[in-house]
Amino acid sequence: MRFTSSSEKDPSSATFDEEKKSTRGINTMSHVVKRKIQKIKPVVEYNKSGRPHGKAAIEMQSYIGVLACSRVPLVDKKWTQLPKDLNEQIWEAIQMAYVVREGGKKMVLSSAAKKWKDFKSTLTRQFILPFGNEKEKFKEPP
């Protein structure tokens, strides 16, 4: 994985801290946030067809999912009905954490939309549909 840093001249000298998760739980990708604070950005590489590939691209996709699930409210019905500033916040967070080439905004936001929709669908399948007939359980959500 290649990095760029505003504080370092040589991106190859930057280190990549990988932390092992001790328990299963919500993924916050704290190592990406730490790198953002240090102003170290992995460079997302692209193949000949223009698709991102490599370790940085995989990590970036996970981070897009974290941003979509944590910053976008679940009460909105559709991604297209969200305020435009939420889209800009997600795009700016990705730009602060990764070096993405021009034209990557559409790919990032469409990926965030899909991940958000999948997250809402998973929550509905796990917590709403099994208790469809028991209306009193919805008075105190899980």
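This section describes the core, the longest-described helix, the salt bridges and two surface features of a predicted model.

The largest nonpolar core holds 28 residues. Val44, Tyr63, Trp79, Ile94, Tyr98 and Val100 touch the most other members of this core. Helix 2 (55-71), helix 3 (84-97) and helix 4 each supply at least two of its residues. Helix 2 gives the most, with eight residues. In soluble globular proteins, nonpolar side chains tend to be buried together.

Trp79 is one of the core residues with the most contacts to other members. With residues up to four places away in sequence left out, Trp79 touches Val72, Asn87, Ile90, Leu109, Ala112, Ala113 and Trp116. Among these partners, Leu109, Ala112, Ala113 and Trp116 are buried residues of helix 4.

Helix 4 spans residues 104-128. This helix has 25 residues. From first C-alpha to last, helix 4 reaches 35 Å. That value is close to the 36 Å expected at 1.5 Å a residue. Gly104, Val108, Leu109, Ser111, Ala112, Ala113, Trp116 and Lys120 are buried in helix 4. The buried residues of this helix pack against helix 2 and helix 3. An α-helix has 3.6 residues a turn, so residues three or four places apart point the same way.

Three salt bridges were counted. In one of them, the side chains of Glu59 and Arg35 meet, with an N to O distance of 2.4 Å. This pair links distant parts of the chain. Glu59 lies in helix 2 and Arg35 in helix 1, 24 residues apart. Glu59 counts as buried because its relative accessibility is 9%. Arg35 is also buried, because its value is 5%. Both values fall under the 20% cut-off for burial.

A salt bridge also joins Lys105 and Glu88, whose closest N and O atoms are 2.4 Å apart. This pair, too, links distant parts of the chain. Lys105 belongs to helix 4 and Glu88 to helix 3, with their positions 17 residues apart in the numbering. Lys105 has a relative accessible area of 30% and is therefore partly exposed. Glu88 is likewise partly exposed, at 30% relative accessibility.

Lys114 and Asp118 form another salt bridge, with their closest N and O atoms 3.0 Å apart. Both residues lie in helix 4. Because they are four residues apart there, about one helical turn separates them. Lys114 is exposed, since its relative accessible area is 54%. Asp118 counts as partly exposed, at 37% relative accessibility.

Phe127, Ile128, Leu129 and Phe138 make a nonpolar surface patch of about 360 Å². Phe127 of this patch lies in helix 4. At 36% relative accessibility, Phe127 counts as partly exposed.

A backbone feature was found at Lys39. Lys39 has a positive phi of about 60°, although it is not a glycine. Lys39 sits in the loop between helix 1 (30-37) and strand 2 (40-42). Lys39 counts as exposed because its relative accessibility is 52%. The cut-off for this class is over 50%.

Methods:
Residues numbered from 1 in each chain as written. Predicted model: local features only at pLDDT ≥ 70, side-chain atom pairs only at ≥ 80, totals over all residues. Heavy atoms only, no water. Patch = residues over 30% accessible without salt bridge, like charges linked within 9 Å, V, L, I, M, F, W, Y side chains within 5 Å. Areas by Shrake-Rupley, 256 points an atom, 1.4 Å probe, with all protein chains shown as cover. Salt bridge = Lys/Arg side-chain N within 4 Å of Asp/Glu carboxyl O. Buried < 20%, exposed > 50% of the residue type's maximum accessible area, 1.4 Å probe, protein only. Core = buried A, V, L, I, M, F, W, Y, C linked by side-chain atoms within 4.5 Å. Contact = heavy atoms within 4.5 Å. Expected span 1.5 Å × (residues − 1).
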